[in-house]
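Biologist: Could you walk me through this one before I set anything up? I'd like to start with what the words mean.

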Amino acid sequence: QDGQTPCTYAIDPTGATFEADGGTATVAVTATAGCAWQATAGAAWLTVLSGATGTGPGTVTYKVDRHIGVH
């Protein structure tokens, strides 16, 4: 980043719904050119498959584990 333009970030979509079997999905990252970002999984049942880091615009692919349920 050149220090002149502030970094801005957004993701789309901002939410997703999965069936009990889980699945994979992608999120588009919109970021100012030259601005670095990192995607991390905030839960044990969520895994970042690709696009964990980037600079500027990018795409993150993630996996949601199968929901076993609580008894």
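Modeller: Sure: buried means under 20% relative accessible area, exposed over 50%, and partly exposed in between (1.4 Å probe, protein chains only). This is a predicted model, where local features need pLDDT of at least 70, side-chain atom pairs count only at pLDDT 80 or more, and totals for chains, interfaces and linings use all residues. Residues are numbered from 1 along each chain as its sequence is written, and side-chain values use heavy atoms, with hydrogens and water left out.

Biologist: Is Cys35 buried or exposed?

Modeller: Its disulfide partner is Cys7, which is partly exposed at 33% relative accessible area. Cys35 has a relative accessible area of 1%, so the call is buried.

Biologist: What is the handedness of the disulfide of Cys7 and Cys35?

Modeller: A disulfide here is a pair of cysteine sulfur atoms within 2.5 Å, and this pair sits at 2.0 Å, S to S. The torsion about the S-S bond is about -85 degrees, so the disulfide is left-handed.

Biologist: Which strands stand at the edges of the sheet?

Modeller: Strands are DSSP runs (E, at least two residues), numbered from the N terminus, and two of them pair if DSSP finds at least two bridges between them. The open sheet has 4 strands in the order β1-β2-β6-β4, paired antiparallel. One side of each edge strand has no neighbour in the sheet, because each has a single partner: these are β1 (9-12) and β4 (46-50).

Biologist: How many bridges join β2 to β6?

Modeller: One pairing to look at is Val29 with its bridge partner Gly58 in β6. Between β2 (residues 23-31) and β6 (residues 58-64), which run antiparallel, the number of bridges is 7.
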